[in-house]
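Colleague: I should be grateful for a close look at a single part of this model. Please choose one element that can be followed from the ligand into the rest of the fold, and describe its surroundings in detail.

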Amino acid sequence: MDFDLSKEQKDIVKAAREFAQGEFPDRAEAFDQEESFDEMLHKKAAELGFVGVFIDEAYEGPGMGMLESCLIAEEFTAVDPGIAMAILSSCFGAEVVQAFGSEEQKKTYLPPLVLGEAVMGIALTEAEAGSDLGTVSTFAARQGDDYVINGSKVLITNGSRANSLLCLAAADPENGDVNRRHSMVMVETDRDGFQARPIKGKLGARASDTAEVSFRNVSVPYSNLIGEPGRGLEAAAHHRLCNGLFAAAQAVGIARAGLEESMKHAKKRMVFNAPLSSFQAIQFFMADMYIWIQAGRNLVCEAAWRLDHGKPDEKLTGAAKCFCSQMAVQCADTALQVHGGYGYLADYKVQRLYRDAKVMEVYAGTAEMDKMIIARNLLR
Ligand SMILES: Cc1cc2nc3c(=O)[nH]c(=O)nc-3n(C[C@H](O)[C@H](O)[C@H](O)COP(=O)(O)OP(=O)(O)OC[C@H]3O[C@@H](n4cnc5c(N)ncnc54)[C@H](O)[C@@H]3O)c2cc1C
């Protein structure tokens, strides 16, 4: 068993770190305060090859894997979680198109994402259906060669920014098999009847767009069906598997940033005529964070490696997401504690980390859903 990254992977890590450290810090605070983002940054990241690295070469991607996606996510997020999310979420849903879409659909939707010329999103959650996607009620009615979609979705990343959204919709709501009632349909956001309302006032990840979207008699061709009819929940589960892992890598990035900020501060800050870092209680904070981060990163890397090698392990991915998201919240909390009162101020990066960390336990499947998945697999 080789725990070292390959030379290519190490180069990716180095390049991602340098890009993020060069481009993010000067803008992070303003994007956070204004809940804004500069699309040029997304474009630049794409030009340098950091976007959609899991997309196959046939569709303009580098054909790498989830492991490389996770490495980039950790590096970007360690510098700024909000900007990282804004850039890397531009491919949300692409993993579903790649796994379930037809050749024509892959050729249509994937290359513009890799090139930074388009943004995608995936719209699963509704006001009455979050953890339990089986209750999604947005309706896709077959009318001749079209689907006519009606309904609304909440909390959708890139909802008001995306060129297209993968929409989980009930296309066969009377089907006796509850797992076959939903289909995944691509909706271009310039279609008549589509509306997006950005949601402002998020606790964290504020550079990333989150919106409520609605579909009023939105007509799309039947050929926009991604995968077979009735396999929408399977496609959504695939998204949650990949995105959960991606979120786990983001969480490792947040935790690492917490440790790095804490070390910097503790070495500089004098208390009782000695550097803060000389006190064992503070040293143990650092040691704990290091232990959690190593454990979390190893979970992410193994789960990603298994996914990339055709051996996806749902419970391992759930464990990575659950452990890392909780660990990110814990590390951000510890980092703020190490900073004392200063950590509570907007001037310090740890305040933003503390706010950004919480979403990791909520989005891409909650910690409770991860535990349900783990337990279901254990007890099977
Ligand atoms: C910033 C952000 C971005 C997001 N981006 C997207 C996106 O791009 N696309 C998208 O579709 N969604 C997105 N979401 C939505 C997210 O996936 C949901 O919020 C999440 O799945 C939880 O659903 P819910 O909010 O409806 O919570 P609920 O399902 O109402 O759950 C509430 C709480 O109860 C717990 N719970 C629920 N059922 C059980 C049970 N059976 N046993 C024990 N506990 C349970 C949950 O874990 C949670 O803690 C985003 C959310 C946020 C905050």
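Modeller: Strand E1 (120-123), strand E3 (146-157) and helix H12 (367-379) each contribute at least two residues to the shell around the ligand, and I shall take E3 as the part to examine. Helices (H or I, at least four residues) and strands (E, at least two) are DSSP runs, numbered from the N terminus. This is a predicted model, in which local features require a pLDDT of at least 70 and side-chain atom pairs count only at pLDDT 80 or more, whereas totals for chains, interfaces and linings use all residues. Residue numbers start from 1 along each chain as its sequence is written.

The ligand shell is the starting point. Among its 20 residues, Leu124, Gly130, Ser131, Thr366 and Glu368 come nearest to the ligand; a residue is near a molecule or strand if its C-beta atom, placed from the backbone, lies within 6 Å of it. Eleven residues of the shell are nonpolar, eight are polar and one is charged. In this classification Ala, Val, Leu, Ile, Met, Phe, Trp, Tyr, Cys and Pro are nonpolar, Asp, Glu, Lys and Arg are charged, and the others, Gly among them, are polar. Domain 2 (120-230) and domain 3 (234-379) each supply at least three residues of the shell; the domain bounds come from an automatic or database domain assignment.

I turn next to the strand partners of E3. Strand E2 (residues 139-143) pairs with E3 in the antiparallel sense over five bridges, where pairing requires that DSSP find at least two bridges between two strands. The connection between E2 and E3 is a hairpin with two residues in between, and Gly144 in the turn has a positive phi of about 60°. E3 also pairs with strand E7 (residues 210-221), again antiparallel, over nine bridges. Val148 illustrates how E3 meets these two strands: it is the bridge partner in E3 of Ala141, and its own bridge partner in E7 is Ser219. Asp146 stands opposite Pro221 in E7. E7 in turn is joined by five bridges to strand E6 (residues 194-198), which runs antiparallel to E7; here Ala196 has Val213 as its bridge partner in E7.

Two residues of E3 merit individual description. Tyr147 lies in this strand and counts as buried because it has 25 C-beta neighbours inside 10 Å. The criterion is that a residue is buried if 20 or more other C-beta atoms lie within 10 Å of its own, exposed if 12 or fewer, and partly exposed in between, with C-beta atoms placed from the backbone. Apart from neighbours within four places in sequence, Tyr147 is in contact with Ala140, Ala141, Arg142, Val185, Val220, Tyr222 and Asn224; contact means that the C-beta atoms of two residues, placed from the backbone, lie within 7 Å. The C-alpha atoms of Tyr147 and Ala171, 24 residues apart in sequence, are 8.6 Å apart in space.

Val154, also found in E3, counts as partly exposed because it has 19 C-beta neighbours inside 10 Å. Neighbours within four places in sequence aside, the contacts of Val154 are Thr125, Glu126, Ala127 and Glu212. The C-alpha atoms of Val154 and Gly130, 24 residues apart along the chain, are separated by 9.1 Å. Gly130 leads back to the ligand, since Gly130 is one of the residues that come nearest to it.

The wider setting may now be added. The protein is divided into domain 1 (7-114), domain 2 (120-230) and domain 3 (234-379). Eleven residues of domain 2 are in contact with nine residues of domain 3, and the side of domain 2 that touches domain 3 has eight nonpolar, three polar and no charged residues. The C-alpha centres of domain 2 and domain 3 lie 30 Å apart.

On the domain 3 side, Ala364 lies in the loop between helix H11 (349-357) and H12. Although not a glycine, Ala364 has a positive phi of about 60°; it counts as buried because 25 C-beta neighbours lie inside 10 Å. In the protein as a whole there are twelve helices and ten strands, and buried residues make up 51% of the 380 residues.
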